[in-house]
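The following paragraphs offer a guided reading of a protein model. The reader is invited to keep the sequence and the coordinates at hand while following the text.

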Amino acid sequence: MKPWQRSLASCYVLLLFSSCDPSSRPPAEVSPPADFEIRWGSGATHAEWGREEGTLNAKGELIWVKSRGYGQNASREEARGQASPEQILGVWRAINESRFFDLRKSYDNAAVQDGFSEFIAVTADGLNHSVSVLNTSQPRFSQVMKALNELMLSVVPSAPTKDDAP
């Protein structure tokens, strides 16, 4: 084989592998499937310190719950909002760009006790995938969590503060 033929063969191999790598292809710019639903939450690993959790479906219906404590001392606040198709598409885009369905089921730092946890659970096209992060960070997970929290902050009405109270 002549040098130029080896070089050409190497290019074909490189092209073949790069086109097969899912991260080398841009995500589809399609709307989320009809069965799209996402749950996410974060908070302390102890119920008495508080947690927050949201649910969003393909219709844009969002439910946000803040809870604290357990038993008779438990408190729970629920708020609802409506996300626009553009906002839902933004979250769907973050899920695809981060290759969420390729993430491991859990990431943790076992050296930290009594810390902070987050989770995201996505249903789409009949697939379910959940990822939890405990006392550490995972950049691709954080990309999706950021999109979800930005959507929640823009959609869920905020609770009145002392300054807002009559």
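In this predicted model, H129 is buried, because its relative accessible area is 9% and the cut-off for a buried residue is under 20%. H129 belongs to strand β7. The side chain of H129 makes a polar contact with the backbone oxygen of L103, at 2.8 Å. If neighbours within four places in sequence are set aside, the residues in contact with H129 are F100, F101, L103, R104, K105, I120, A121 and V122.

Two of these contacts, F100 and F101, also form an aromatic pair with each other. The centres of their rings are 5.9 Å apart and the planes stand at 90 degrees, so the pair is edge-to-face; the cut-off for that class is an angle over 60 degrees. The two residues can also be described by their accessibility. F100 is buried, with a relative accessible area of 0%, whereas F101 is partly exposed, at 29%.

The residue that precedes F100 in the numbering is R99, located in the loop between α2 and β5 (106-108). R99 has a phi near 50 degrees, which is a positive value in a residue other than glycine. With a relative accessible area of 29%, R99 is partly exposed. Another such backbone conformation is found at D125, which is not a glycine either and has a positive phi of about 55 degrees. D125 lies in the loop between β6 and β7 (127-134). Unlike R99, which is partly exposed, D125 counts as exposed, because its relative accessibility is 60% and the cut-off for that class is over 50%.

R99 comes just after α2, and this helix may now be considered. Helix α2 covers residues 85-97, and its 13 residues should span 18 Å at 1.5 Å a residue; the C-alpha atoms at its ends are 18 Å apart, in agreement with that expectation. Which residues of α2 are buried? They are I88, V91, W92, A94 and I95. Viewed down the axis of α2, these buried residues fall within an arc of 155 degrees, so they line one face of the helix. P85 and E86, on the other side of α2, are exposed. The elements that cover the buried residues of α2 include strands β1 (37-44), β2 (51-57) and β6 (116-124), together with helix α3 (139-155).

Q143 illustrates the relation between α2 and α3. Q143 is found in helix α3 and is partly exposed, with a relative accessible area of 32%. Not counting residues up to four places away in sequence, Q143 touches A94, E97 and S98. The C-alpha atoms of Q143 and V91 are separated by 9.6 Å, although these residues are 52 positions apart along the chain.

Attention now turns to the strands. Strand β3 (residues 61-68) and strand β4 (residues 75-82) run antiparallel and are joined by 8 bridges. Within this pairing, K66 of β3 stands opposite E77 in β4. The hairpin formed by β3 and β4 has 6 residues between the strands, and one of its residues, G69, adopts a positive phi near 80 degrees.

Strand β3 also contributes to an aromatic pair, one of 3 in the count. The rings of W40 and W64 have their centres 5.5 Å apart and their planes at 40 degrees, so the pair is tilted. The pair links distant parts of the chain, as W40 lies in strand β1 and W64 in strand β3, 24 residues apart. Both W40 and W64 are buried.

These details can be placed within the overall architecture. The protein has 3 helices and 7 strands, and along the sequence they follow the pattern α-β-β-β-β-α-β-β-β-α. Of its 166 residues, 31% count as buried. Among contacts between residues at least 6 apart in sequence, 57% join residues at least 24 apart.

Methods. Residues numbered from 1 in each chain as written. Predicted model: local features only at pLDDT ≥ 70, side-chain atom pairs only at ≥ 80, totals over all residues. Heavy atoms only, no water. Pairing = 2+ DSSP bridges. Helix = DSSP H or I, 4+ residues; strand = E, 2+ residues; numbered from the N terminus. Expected span 1.5 Å × (residues − 1). Buried < 20%, exposed > 50% of the residue type's maximum accessible area, 1.4 Å probe, protein only. Arc of directions from axis to C-beta. Contact = heavy atoms within 4.5 Å. Phe/Tyr/Trp six-rings, centres within 6.5 Å; stacked < 30°, edge-to-face > 60°. Polar contact = N/O pair within 3.5 Å; in protein donor to acceptor, adjacent residues only side chain to side chain.
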